[in-house]
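Open the model in your viewer and keep the sequence panel beside it. Each stop below says what to select and what is there.

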Amino acid sequence: MLFVIWELWSLAHLPAATVHNRRFEHTFKDFGSNARIALFLVLANYVLLLLIKLQIWNQWSQVKKGIATLLRFARRWHTPIAIIAIAFIVLHAVAVFMYGFKLDFSNITGLLALLMLLPVPVSGLFRYKRLDRKWHLRSGLAFTVLFLIHAFL
């Protein structure tokens with residue numbers, strides 16, 4: 001939280017000439033790149049879970065044990081890394097709006113992904129209390145699709 005407040009304060013106190021400079025584009029792209037790395041680590045939890053459920057690993061017990069070890073690590077760090085990813089996403093979005101929001105494909109898909117991200121942490125809290133009905137997974141999957149479109153197209 002302190003990191004986000006510090007970075008938002010820093011962004012708010014940048015001179016207008018710096019914000020509208022071409023080099024500022026690297027600032028918000030760096031926030032987006034860091035968010036992308038963190039999100040891939042968050043999504044590893046689901047990929048490893050799907051892999052471990054496959055029946056082909058029954059023949060290779062060592063590989064299955066390795067995947068199970070990675071899955072335990074991914075489960076343990078899923079929430080903290082997701083919080084860090086959301087922080088980078090917020091900073092990325094604020095910096096993009098400061099630089100200048102244009103109605104192009106990349107910005108629209110990014111905005112849709114941001115809107116789809118909003119229910120993910122809330123439904124994650126309900127998931128933690130066992131009160132959701134797979135909304136965390138569904139909204140997370142919708143966010144992931146929009147995020148991948150935004151990041152790679």
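**After helix H6**

Start at Arg 130, which comes after H6 and has a positive phi, near 60 degrees. Keep in mind throughout that this is a predicted model.

**Helix H6**

Now select helix H6, residues 119–128. Its buried residues are Val 120, Ser 123 and Gly 124. They are on the same side of H6, because they cover an arc of only 115 degrees around the axis. What do the buried residues of H6 pack against? Show helix H5 (105–117) and H7 as well: these are the helices that the buried residues of H6 pack against.

**His 136 in helix H7**

Move to helix H7, residues 135–152, and pick out His 136. Is His 136 buried or exposed? Its relative accessible area is 14%, under the 20% cut-off, so His 136 counts as buried.

Next, show what His 136 touches, leaving out residues up to four places away in sequence: Tyr 46, His 78, Val 120, Ser 123, Gly 124 and Arg 127. Among them are Val 120, Ser 123 and Gly 124, the buried residues of H6 from the previous stop.

**Helix H5, the buried side**

Select H5 and check its length. Its 13 residues, at 1.5 Å a residue, should span 18 Å, and this agrees with its end C-alpha atoms, which are 18 Å apart.

Then colour Asn 107, Thr 109, Gly 110, Ala 113 and Leu 117, which are buried in H5. They lie on the same side of H5, because their arc around the axis is only 165 degrees. The cover over these buried residues includes helix H4 (61–99), H6 and H7.

**Helix H5, the nonpolar patch**

Turn on the surface and select Phe 97, Leu 103, Ile 108, Leu 111, Leu 112, Leu 115 and Leu 118. Together they form a nonpolar patch on the surface, with about 690 Å² of accessible area. Which helix gives the largest share of the patch? H5 does, with four residues.

Take Leu 112 as one residue to inspect; Leu 112 lies in helix H5 and belongs to the patch. Its relative accessibility is 42%, so Leu 112 counts as partly exposed.

**The salt bridge in helix H3**

How many salt bridges does a search of the whole structure find? The search finds one. Select Glu 25 and Lys 29, whose side chains meet in a salt bridge at 3.2 Å, N to O. Side chains of opposite charge can pair when their charged atoms come close.

Both residues lie in helix H3 (residues 24–53), where Glu 25 and Lys 29 are four residues apart, about one turn of the helix. Compare their accessibility. Glu 25 has a relative accessible area of 15% and is therefore buried, whereas Lys 29, at 44%, counts as partly exposed.

**Phe 40, also in helix H3**

Stay in helix H3 and select Phe 40. With a relative accessible area of 38%, Phe 40 is partly exposed. Leaving out residues up to four places away in sequence, Phe 40 touches Leu 148 and Phe 152.

For the last step, draw a distance from Phe 40 to Ala 85, C-alpha to C-alpha. The two are 45 residues apart in sequence and 9.5 Å apart in space.

Key:
Residues are numbered from 1 along each chain as its sequence is written. This is a predicted model: local features need pLDDT of at least 70, side-chain atom pairs count only at pLDDT 80 or more; totals for chains, interfaces and linings use all residues. Side-chain values use heavy atoms; hydrogens and water are left out. Helices (H or I, at least four residues) and strands (E, at least two) are DSSP runs, numbered from the N terminus. Buried means under 20% relative accessible area, exposed over 50%, partly exposed in between (1.4 Å probe, protein chains only). Contact means heavy atoms within 4.5 Å. The arc is that of the directions from the helix axis to the C-beta atoms. The expected span of a helix is 1.5 Å times one less than its number of residues. Patches are made of residues with over 30% relative accessible area and no salt bridge: like charges are joined within 9 Å, nonpolar side chains (Val, Leu, Ile, Met, Phe, Trp, Tyr) within 5 Å. Accessible areas come from the Shrake-Rupley method with a 1.4 Å probe; for residues, only the protein chains shown count as cover. A salt bridge is a side-chain nitrogen of Lys or Arg within 4 Å of a carboxyl oxygen of Asp or Glu.
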